[in-house]
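Here are some short exercises for you to work through with the model open beside you. Try each task before you read its solution.

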Amino acid sequence: METYYLIDFENVHNAGIANIESMTKTDHVHIFYTQDAKNINITREKKGIEFHEVPVGNQSLDKHLVSYLGYRLGISGKDCRYVI
């Protein structure tokens with residue numbers, strides 16, 4: 001089963017991606033961040049990881065993350081697992 005991890009980097013920082021090297025081919029990581037939190041300590045070329053820089057604003061990151069979750073649910077529905 002495909003698993004999508006949607007990470008609010010401003011809340012978890014680098015500790016939230018500590019085990020990212022153990023990803024499998026069915027894991028997909030989406031890291032949401034603003035210009036205030038660009039110090040992400042992973043290689044940006046790693047397959048299965050996508051970065052989403054969103055504008056700074058009141059709950060902006062949360063709104064973008066939830067909107068992306070809705071998009072993924074619309075495409076895959078219950079056929080995937082989602083971890084926020």
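Two strands count as paired if DSSP finds at least two bridges between them. Helices (H or I, at least four residues) and strands (E, at least two) are DSSP runs, numbered from the N terminus. The model is predicted, so local features need pLDDT of at least 70 and side-chain atom pairs count only at pLDDT 80 or more, while totals for chains, interfaces and linings use all residues. Residues are numbered from 1 along each chain as its sequence is written, and side-chain values use heavy atoms, with hydrogens and water left out.

**Exercise 1. Lay out the sheet.**
Work out the order of the strands in the open sheet, and find the bridge partner of Glu2 in S4.

*Solution.*
- Step 1: Begin with the inventory, which is 2 helices and 4 strands. Along the sequence they follow the pattern β-α-β-β-α-β.
- Step 2: Put the strands side by side. The open sheet has 4 strands in the order S3-S2-S1-S4, with parallel pairing. Strand S3 (49–53) and strand S4 (80–83) are the edge strands, each pairing on one side only.
- Step 3: Check the twist. On average, neighbouring strands of this sheet are turned by 20° against each other, direction ignored. (Axes are lines fitted to C-alpha atoms, for helices over the stretch in contact, and angles run from 0 to 180 degrees between N-to-C directions.)
- Step 4: Look at the bridges. Strand S1 (residues 2–8) pairs with strand S2 (residues 27–33) in the parallel sense over 6 bridges, and Thr3 has Asp27 as its bridge partner in S2. S1 and S4 also run parallel, joined by 4 bridges, and the partner of Glu2 in S4 is Cys80.

**Exercise 2. Find the largest nonpolar core.**
Which residues make up the largest nonpolar core, and which element gives the largest share?

*Solution.*
- Step 1: Fix the terms. Buried means under 20% relative accessible area, exposed over 50%, and partly exposed in between (1.4 Å probe, protein chains only). A nonpolar core is a set of buried Ala, Val, Leu, Ile, Met, Phe, Trp, Tyr and Cys residues joined through side-chain atoms within 4.5 Å.
- Step 2: List the members. The largest such core holds 10 residues: Tyr4, Leu6, Phe32, Val54, Leu61, Leu65, Tyr68, Leu69, Cys80 and Tyr82.
- Step 3: Sort them by element. S1, H2 and S4 each give two or more residues to this core, and the largest share, 4 residues, comes from H2.
- Step 4: Do not merge it with its neighbour in your list: a second, separate core of 7 residues includes Ile7, Met23, Val29 and Ile31.
- Step 5: See where the helix sits. Helix H2 (residues 60–76) lies across S1, S2, S3 and S4, and runs at about 170° to S1.

**Exercise 3. Compare the faces of S4.**
Which residues of S4 are on its covered face, and which are on the uncovered one?

*Solution.*
- Step 1: The covered face has Cys80 and Tyr82, and the uncovered one has Arg81 and Val83.
- Step 2: Take Val83. At 31% relative accessibility, Val83 counts as partly exposed. Leaving out residues up to four places away in sequence, Val83 touches Thr3, Tyr4, Tyr5 and Leu6; contact means heavy atoms within 4.5 Å.
- Step 3: Now take Tyr82. With the same sequence neighbours left out, Tyr82 touches Tyr4, Leu69, Arg72, Leu73, Ser76 and Gly77.

**Exercise 4. Sort the aromatic pairs.**
How many aromatic pairs are there, and what is the geometry of Tyr4 with Tyr82 and of Tyr68 with Tyr71?

*Solution.*
- Step 1: Apply the rule. Rings of Phe, Tyr and Trp (its six-membered ring) pair if their centres lie within 6.5 Å; planes under 30 degrees apart count as stacked, over 60 as edge-to-face and the rest as tilted.
- Step 2: The count comes to 3 aromatic pairs. Tyr4 and Tyr82 are stacked, at 6.1 Å centre to centre with 20° between the planes. This pair links strand S1 with strand S4, its residues being 78 apart, and both Tyr4 and Tyr82 are buried.
- Step 3: Tyr68 and Tyr71 are tilted, at 5.5 Å and 45°. They are separated by about one helical turn because they are 3 residues apart in helix H2. Tyr68 is buried at 15% relative accessibility, whereas Tyr71 is partly exposed at 48%.
- Step 4: Finish with the cluster, in which ring pairs link Phe32, Tyr68 and Tyr71.
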